[in-house]
Amino acid sequence: MKKLRPCLAVASLAAVLVSSVFTQDVHAQAALGEPVPPLSVVYYAADMGPEFEQSARALSDEWRKLGLELQMRPIQFSTFVSQIIVGGQLEDIAVFTVGGDPDRVDPTYWLYDIAACGQRRNGSKFCNQEYSRLAAEQRTKVNPAERIKAVHDLQVRFHQEMPWWPVINRVYGIIWNNQKWDNVTSPAPVAAHESLVEPWLTAKPKTADRWLDWAYFEDVKTYNPIVEEGAVGWMRFVFDTFAKNNSKGETIPWAASSWKFVDDKTIEITLRDGMTFHDDKPVTVNDAVFTIQKIIEWQPPAMSSRIRNLASAEKIDDKSFRIRLKEPDAAFEITVLTYLFILPEHIWRNAPAKPTEWDLVAAKAVIGSGPFKFKTWRLNEVHELETHRAHFQAPAYDGIRRLALGQADAIRAAMLSGTGDIATTVLPVATMSDLAKQNSQLSFMEVPSHSTMFVWVNNQKAPFSDRAFRQALRIATNKQRVMVEGWQGFASVSGEGNVPTALGRWHNGALEKIPFDVQKARKALADAGYGWDSRGRLHMPKK
């Protein structure tokens with residue numbers, strides 16, 4: 001028995017040590033709050049290209065070092081728009097881009113449309129009443145210096161709150177078949193958006209095949225222009241706007257030949273002569289006034305951010321009409337005139353009681369005055385728009401086909417086989433560049449833009465409702481890694497705040513820089529009362 005005593009002593013000591021560690025662990029865990037539950041990370045599925053999953057995984061890899069359990073969830077583009085961006089269904093975290101649309105060179109989209117209380121595209125559910133009031137007010141400042149100061153001050157407020165943040169700014173690419181098409185021009189500094197002239201209306205065929213085949217994906221949900229949100233530019237091929245933005249960043253006349261401000265809240269517009277709808281009926285001032293008055297009456301949710309300030313429209317004579325605003329609007333030309341379209345009164349006066357539910361394709365009522373007219377739509381297969389030859393800037397070819405190919409591999413194959421004539425997105429820009437280097441029939445150009453990849457979080461839900469948690473997640477956001485792994489270098493690391501650096505004078509370059517640092521993010525969490533259990537899982541502060 002004596003020989004057993006040392007073993008018993010060792011066993012006894014081990015038991016004491018285990019008990020001590022267990023007691024310490026219990027005490028440590030008792031000081032913790034509830035564990036942070038598993039969080040979902042949603043992002044564009046492969047129909048928008050592989051960059052989004054690669055980016056989401058690169059970000060999540062760093063965030064997991066904070067002790068978070070993350071679940072990756074891809075969502076098809078049009079569903080993402082309807083559910084996350086405008087549907088208010090964001091559960092936890094979203095990683096996605098917004099396009100480099102021409103009207104977004106004005107800061108209102110970044111400051112107000114996606115950041116102010118209750119706005120349709122504010123999918124992060126951030127709401128600060130004072131910020132929202134000032135964000136609406138900045139647009140009424142017609143003095144440029146006063147507006148710039150207001151825009152910069154708003155970015156300071158936003159940066160302090162950190163409700164969401166940018167990660168990278170995209171570099172777009174265009175790849176096309178140079179044996180079949182000429183004069184494919186760059187739309188920089190914005191993406192190859194369908195509401196622009198370049199490259200769509202400037203391209204010229206070099207063969208007997210006079211249809212431009214755009215290798216793309218399916219994002220059209222309807223041809224009703226007051227409803228469609230995911231393919232706004234495609235609708236503007238069919239339904240002319242009063243103005244357009246060109247590649248120089250200028251707002252130029254389109255369906256309107258000119259306009260002038262009568263006073264801060266009244267704009268007089270002269271309609272272009274000789275325009276016709278696709279059914280050969282003339283476009284008149286009556287059509288323009290009818291459209292604006294009906295849109296004000298109907299208040300379609302998809303158009304809410306652009307039409308909220310419209311008060312009325314009235315005819316002056318057969319060539320001109322006036323739009324009256326509720327408040328002065330310094331961004332009216334670039335964000336409203338380039339967005340408002342003309343509907344044919346002789347078609348739309350027969351619209352159903354709920355015009356947002358009208359299926360124009362079924363009713364054979366897809367009639368606009370744009371450079372292209374509707375021909376066919378086979379869902380997830382192809383869209384065909386014929387050239388409207390009576391248009392004042394009709395393209396030098398017979399029509400455009402939108403090939404709904406859905407995946408980057410399918411688009412790559414289409415460009416190599418000659419089925420596709422042009423590709424502008426989904427196919428990674430690095431792949432476009434490589435294809436053009438390896439295949440002499442393909443040409444490539446880079447298009448830097450203000451398109452931005454964001455991290456959005458649900459500001460109404462813990463732990464994201466805690467600013468300290470949001471800021472820690474931001475500190476642990478590795479922008480450089482996303483640029484390299486997600487976008488293969490065809491992007492630039494974004495600046496701070498909610499206004500892209502590409503917007504020049506509108507961006508506040510004095511905002512405090514936040515370098516990537518996981519250890520600093522963990523310290524910020526610890527300082528805010530968060531803690532970790534023995535497995536490294538993050539817990540909320542103790543209540």
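Let's start with a strand pair: β11 (residues 266-271) and β13 (residues 320-325) run antiparallel and are joined by 5 bridges. Two strands count as paired here if DSSP finds at least two bridges between them, and the element names come from DSSP runs, numbered from the N terminus: helices are H or I over at least four residues, strands E over at least two. Within this pair, Ile267 has Ile323 of β13 as its bridge partner.

A word on the source: this is a predicted model, where local features need pLDDT of at least 70, side-chain atom pairs count only at pLDDT 80 or more, and totals for chains, interfaces and linings use all residues. Residues are numbered from 1 along each chain as its sequence is written, and side-chain values use heavy atoms, leaving out hydrogens and water.

Now zoom out to the sheet. It's an open one with 4 strands, in the order β10-β11-β13-β12, paired antiparallel. β10 (256-263) and β12 (310-315) sit at the edges with a single partner strand each, so one side of each has no neighbour in the sheet. From one strand to the next, the twist averages 20 degrees. Helix α8 (residues 285-298) packs on this sheet and touches β11, β12 and β13, its direction making about 155 degrees with that of β12. Contact means heavy atoms within 4.5 Å; angles run from 0 to 180 degrees between N-to-C directions, and axes are lines fitted to C-alpha atoms, for helices over the stretch in contact.

Next, a helix pair: α14 (residues 467-475) packs against α16 (residues 518-527) at about 170 degrees, with the axes 8 Å apart. That makes the two roughly antiparallel (over 145 degrees). Phe469, Ala472 and Ile475 of α14 meet Lys520, Ala521, Ala524 and Leu525 of α16.

Conventions. Parallel < 35°, antiparallel > 145°, perpendicular 65-115°, else oblique.
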